[in-house]
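The exercises below ask you to read one structure step by step, with a worked solution after each task. Please keep the sequence and the model open while you work through them.

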Amino acid sequence: MADKNVVKAKKAERRRRRVRGTIAGTAQVPRLTVAKSLNNTIVQLIDDVSQVTLLYTATNSKAVSEKLGKKTKKTDAARIVGEELARQAKDKGIVQVVFDRNQYRYHGRIKAVAEGARKGGLKF
């Protein structure tokens with residue numbers, strides 16, 4: 001019988017490939033990708049044509065951690081991360097992005113990042 005963690009990892013990789021098969025970012029319309037760990041939410045804007053990360057921010061980055069309080073919930077922190085990335089993107093002249101949720105379902109922290117980015121002025 002296969003190890004439970006191996007099966008979960010294979011399913012996650014299959015979901016990730018399925019989502020990424022339809023999404024690609026360019027310099028004008030980069031890919032907004034979201035990753036999460038137990039404590040942090042990481043967001044990047046990626047140009048897939050030249051394979052470069054244009055912008056990066058996370059809950060443990062200096063700009064975001066100053067805005068967070070001690071008792072901030074992870075979902076609220078993810079929304080702030082989305083707003084901060086949108087602000088940085090607008091400073092660089094980026095207004096249109098494609099959203100890459102990776103293998104995660106569109107709810108919770110992933111949805112909060114998307115809402116924060118939309119509130120900050122990014123268009124999906």
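## Exercise 1: an aromatic cluster

In this predicted model, Phe99 is buried, with a relative accessible area of 16%. Your task is to classify the ring pairs that Phe99 makes with Tyr106 and with Phe124.

**Solution.** Step 1: a pair of aromatic rings is described by the distance of the centres and the angle of the planes.

Step 2: for Phe99 and Tyr106, the centres are 6.1 Å apart and the planes stand at 90 degrees, an edge-to-face pair. Tyr106 is partly exposed, at a relative accessible area of 37%.

Step 3: for Phe99 and Phe124, the centres lie 5.3 Å apart and the planes meet at 25 degrees, so this pair is stacked, because planes under 30 degrees apart count as stacked. The stacked pair links distant parts of the chain, since Phe99 belongs to strand E4 whereas Phe124 lies in the segment after H4, 25 residues apart. Phe124 is partly exposed, with a relative accessible area of 31%.

Step 4: the ring pairs thus join Phe99, Tyr106 and Phe124 into a cluster, and Arg118 lies over the face of Phe124, 4.3 Å from the ring centre.

## Exercise 2: the sheet

In what order do the four strands of the open sheet stand?

**Solution.** Step 1: E1 and E2 run antiparallel and are joined by six bridges, forming a hairpin with four residues between them; here Arg31 has Ile46 of E2 as its bridge partner.

Step 2: E2 and E3 are also antiparallel, with six bridges, and Gln44 is partnered by Tyr56 in E3.

Step 3: E1 pairs with strand E4 (residues 98–100) in the parallel sense, over three bridges, and in this pairing Leu32 stands opposite Phe99.

Step 4: the order is therefore E3-E2-E1-E4, with mixed pairing, and the edge strands are E3 (52–58) and E4, each pairing on one side only. From one strand to the next, the twist averages 20 degrees.

## Exercise 3: the nonpolar core

Which residues have the most contacts inside the largest nonpolar core?

**Solution.** Step 1: the largest core holds 21 residues, and those with the most contacts inside it are Leu32, Leu45 and Leu122.

Step 2: E1 (31–36), E2 (41–47), helix H3 (74–91) and helix H4 (109–120) each supply at least two residues of this core. H3 lies across E1, E2 and E3, at about 140 degrees to E3.

Step 3: leaving aside neighbours within four places in sequence, Leu122 is in contact with several residues, among them Leu32, Ala86, Ile94 and Ala117.

Technical notes: Residues are numbered from 1 along each chain as its sequence is written. This is a predicted model: local features need pLDDT of at least 70, side-chain atom pairs count only at pLDDT 80 or more; totals for chains, interfaces and linings use all residues. Side-chain values use heavy atoms; hydrogens and water are left out. A nonpolar core is a set of buried Ala, Val, Leu, Ile, Met, Phe, Trp, Tyr and Cys residues joined through side-chain atoms within 4.5 Å. Buried means under 20% relative accessible area, exposed over 50%, partly exposed in between (1.4 Å probe, protein chains only). Contact means heavy atoms within 4.5 Å. Two strands pair if DSSP finds at least two bridges between them. Axes are lines fitted to C-alpha atoms, for helices over the stretch in contact, and angles run from 0 to 180 degrees between N-to-C directions. Rings of Phe, Tyr and Trp (its six-membered ring) pair if their centres lie within 6.5 Å; planes under 30 degrees apart count as stacked, over 60 as edge-to-face and the rest as tilted. A charge sits over a ring if NZ of Lys or CZ of Arg is within 6 Å of the ring centre and within 35 degrees of the ring normal.
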